[in-house]
Amino acid sequence: MLATSVTPIRPARAAEATLDFDELYGKVSPLGLTFSDKVKQLAGREVTMRGYIAPPLKAEANFFVLTEIPMSICPFCSSDADWPDNIIVIYLDGPRTFEQANRLIRASGRLEVGSWTDPETGFVSLLRLVGASFRQA
């Protein structure tokens, strides 16, 4: 009897889901922002986005704002009704020290969709990547 080596079949790794700023919302109207179909489909899944770290409110934090274009001031607004359509909040697993803002990065994390108020800061967001990590693009 001839012995053969059997290589186990491994499931194909799911392609990395990417999301661009122009794919976040389906429409912007006087009634507010409407999430795109792609955002609705990716809710709860791991996604990667490219953008710029907005200037943080303090040097050490467990979150930052990812923006489509470099910004010179923090883009947080008082309510989700005023939420800009080209930013997303990135929540890290723990605090980090931010020294340089406005650098192009790739952030990856689980996409959360819907209005949420951070209990520590009171900041309101419509979209977030949670449990996220980032690296230079």
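Two strands pair if DSSP finds at least two bridges between them. With that in hand, here are some close-up views of this predicted model.

**Figure 1. The whole chain, before we zoom in, has 1 helix and 8 strands.** Following the sequence, you will meet the elements in the order β-β-β-α-β-β-β-β-β. The protein has 137 residues, and 36% of them count as buried. Take contacts between residues at least 6 apart in sequence: 64% of these join residues at least 24 apart. The accessible surface is about 8500 Å², and carbon and sulfur atoms account for 50% of that area.

**Figure 2. Strand β4 meets β7 in an antiparallel pairing.** Here 7 bridges tie β4 to β7, the strand formed by residues 104–117. To find your place in this view, look for T48, which stands opposite S108 of β7.

**Figure 3. Strand β1 runs parallel to β4.** β1 covers residues 17–18, β4 covers residues 46–53, and 2 bridges join them. T18 has T48 of β4 as its bridge partner. You may recognise T48 from the previous view, where S108 in β7 stands opposite this residue.

**Figure 4. A hairpin leads from β4 into β5.** The connection between these strands is made through 6 residues. β5 spans residues 60–67 and runs antiparallel to β4, with 2 bridges between them. A handy landmark is Y52, which stands opposite T67 in β5.

**Figure 5. S36 sits in a loop between a strand and the helix α1.** The loop lies between β3 (32–35) and α1 (37–42). Is S36 buried or exposed? Its relative accessibility is 9%, so S36 counts as buried, because buried means under 20% relative accessible area. Leaving aside residues up to four places away in sequence, S36 touches E23, L24, Y25 and G26.

**Figure 6. F134 is a buried residue of strand β8.** The strand itself takes in residues 124–136. F134 has a relative accessibility of 14% and therefore counts as buried, the cut-off being under 20%. Which residues does F134 touch, not counting those up to four places away in sequence? The aromatic neighbours to look for are F64 and F98. I53, L92, I105 and A107 are also touched by F134, as are R96, R103 and R106. For I105, the C-alpha to C-alpha distance from F134 is 6.6 Å, while the two are 29 residues apart in sequence.

Definitions and conventions: Residues numbered from 1 in each chain as written. Predicted model: local features only at pLDDT ≥ 70, side-chain atom pairs only at ≥ 80, totals over all residues. Heavy atoms only, no water. Helix = DSSP H or I, 4+ residues; strand = E, 2+ residues; numbered from the N terminus. Buried < 20%, exposed > 50% of the residue type's maximum accessible area, 1.4 Å probe, protein only. Contact = heavy atoms within 4.5 Å. Areas by Shrake-Rupley, 256 points an atom, 1.4 Å probe, with all protein chains shown as cover.
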